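Colleague: I have just opened this entry and would like to learn how to read its features one at a time. Could you take me through them?

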Amino acid sequence: MKSMSKSLAGAALTALLISACSTKPAQPQLTLSGLDPANFETTTDSNKQTHLYTLKNSQGMEVCITNFGGRIVSVMVPDRNGKMTDVVLGFDSVADYQHIPSDFGASIGRYANRINKGQMVIDGDSIQLPLNNFGHCLHGGPTGWQYQVYEGTQTNDSTLQLVMKSPDGDNNFPGNVEAHVTYALTADNAISISYSATTDKTTVINMTNHSYFNLNGDPSKPATDCILYVAADSITPVDNTFMTTGEMMAVAGTPFDFNTPKTIAPSVTDFTNEQVKFGNGFDHNWVLKTKGDISQLAAKLTSPTTGITLEVYTDEPGIQVYTGNFLDGKVKGKKGIAYPQRASVCLETQHYPDSPNKPQWPSTILEPGQTYQSHCIFKFGVEK
């Protein structure tokens with residue numbers, strides 16, 4: 001009896017082991033937006049780990065962020081019928097973010113927007129930055145922070161803290177800089193983004209978020225039927241290389257006047273206006289009337305299709321409105337959808353482009369002992 005019991009027990013154990021070995025490992029649960037977190041797990045050439053972090057609030061809103069470039073990957077919000085809708089462009093995997101050039105959702109640094117010919121003078125020293133956009137340095141250079149890995153710590157269900165330790169000489173920018181980006185998803189369906197940075201050598205800092213918003217929830221089509229409001233009486237005009245001239249241009253009587261909310265089309269294609277022609281649409285910095293008061297509405301985007309609204313609040317002096325002019329249908333994003341021209345609207349809160357070379361504008365200089373700070377709020381809602 002004992003030998004038979006041992007035999008039966010052994011057979012049962014063997015069967016159990018065989019069964020266990022043949023069972024596939026449990027797959028990570030997909031996010032509400034359909035992302036597979038496993039597709040964001042990798043080790044980069046710099047031996048850093050990338051991940052996908054998921055933030056949620058009590059209203060059912062979901063925001064997915066990867067520490068590769070500090071990028072917002074998806075934002076799920078309810079439309080006027082309560083249907084959860086993804087309202088940002090992006091990719092399904094970290095590999096695509098690594099290998100397909102883009103700024104989708106990125107935490108941009110060290111310097112958002114353009115620096116003229118990549119040249120600036122700091123403390124009497126002439127500095128030459130790498131050139132990566134029409135002869136200028138754009139978004140921190142070809143290996144700006146959107147292509148680097150932030151250290152990520154999710155402190156609770158609705159908060160993610162990211163840290164970038166940028167060495168002296170990173171894309172030729174001076175100073176060892178430690179920058180912090182905190183994403184907080186609030187109970188009233190807002191994404192609060194707080195930036196801070198310190199340096200050990202005089203440098204320049206100008207950070208922003210570069211999310212490509214499509215409030216229609218259908219990025220296979222242009223988003224220019226959305227209604228835009230911008231609290232600004234002027235823009236900083238550009239030349240035909242997208243570089244600011246140093247002037248201010250009144251928006252009154254031009255396609256750039258969104259003080260009264262209006263549909264983005266047809267103004268964005270009014271190439272009879274030289275500035276629209278130079279920008280190939282809107283790719284300009286609006287000079288905000290809010291004067292750094294984050295309690296005042298800086299901009300608002302509304303989809304007549306879904307009823308989804310996006311309000312932007314900031315303590316920055318400017319906001320870059322970019323209408324996805326360089327999308328051309330060749331890049332395929334989440335769910336294999338090809339992104340056509342103007343499939344999105346970017347609302348990048350910032351200091352003005354090329355401020356290091358425009359002393360008449362608010363300074364972007366950061367000195368040792370000082371702390372750079374910037375705050376942006378993207379608040380979502382619906383209009384019936």
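Colleague: How much space lies in the largest pocket?

Modeller: Please keep in mind from the start that this is a predicted model. In the largest pocket there is about 640 Å³ of space. Its lining is made up of 26 residues, and those closest to the centre are Ser-102, Asp-103, Asn-133, Leu-138 and Tyr-212.

Colleague: How do the residues of that lining divide into nonpolar, polar and charged?

Modeller: The lining of the largest pocket holds 12 nonpolar residues, together with 9 polar and 5 charged ones.

Colleague: What volume does the second largest pocket have, and which residues lie nearest its centre?

Modeller: The volume of the second largest pocket is about 300 Å³, and of the 19 residues that line this pocket, Thr-85, Asp-86, Gly-217, Pro-219 and Lys-335 lie nearest the centre. Strand S6, residues 84–86, supplies the largest share of this lining with 3 residues, while the division by class is 8 nonpolar, 6 polar and 5 charged.

Colleague: Turning to the interior, which residues of the largest nonpolar core touch the most other members?

Modeller: A core of this kind is read as a set of buried nonpolar residues joined through side-chain atoms within 4.5 Å. Here the largest one has 57 residues, and those touching the most other members are Val-75, Tyr-183, Ile-191, Trp-286, Leu-301 and Phe-380. Strand S14, which covers residues 177–185, gives the most to this core, namely 5 residues. There is also a second, separate core of 18 residues, with Leu-52, Phe-68, Leu-89 and Phe-91 among them.

Colleague: Which residues does Trp-286 touch, leaving aside those up to four places away in sequence?

Modeller: With those set aside, the contacts of Trp-286 include Val-230, Ala-232, Ser-234, Ile-235, Val-251, Phe-256 and Phe-258, and also Pro-317, Gly-318, Ile-319 and Val-321.

Colleague: Is strand S23, to which Trp-286 belongs, covered on one face or on both?

Modeller: A residue is called buried when its relative accessible area is under 20%. Both faces of S23 are covered, since Asp-283, Asn-285 and Val-287 are buried on one side, as are His-284, Trp-286 and Leu-288 on the other. In other words, 6 of the 6 residues in this strand, which runs over residues 283–288, are buried.

Colleague: In which sense, parallel or antiparallel, does S23 pair with strands S20 and S26?

Modeller: S20, residues 232–236, pairs with S23 in the antiparallel sense over 4 bridges, and Ile-235 is the residue that stands opposite Trp-286. The pairing of S23 with S26, residues 318–322, is antiparallel over 5 bridges, and there Asp-283 has Tyr-322 as its bridge partner.

Note on methods. Residues numbered from 1 in each chain as written. Predicted model: local features only at pLDDT ≥ 70, side-chain atom pairs only at ≥ 80, totals over all residues. Heavy atoms only, no water. Buried < 20%, exposed > 50% of the residue type's maximum accessible area, 1.4 Å probe, protein only. Helix = DSSP H or I, 4+ residues; strand = E, 2+ residues; numbered from the N terminus. Pairing = 2+ DSSP bridges. 1 Å grid on protein atoms, 1.4 Å probe; cavity = no way out; pocket = protein on both sides within 12 Å on 5 of 7 lines; lining within 4 Å. Points joined across faces, edges and corners; volume = space filled by probe spheres on them. Nonpolar A, V, L, I, M, F, W, Y, C, P; charged D, E, K, R; others polar. Contact = heavy atoms within 4.5 Å.
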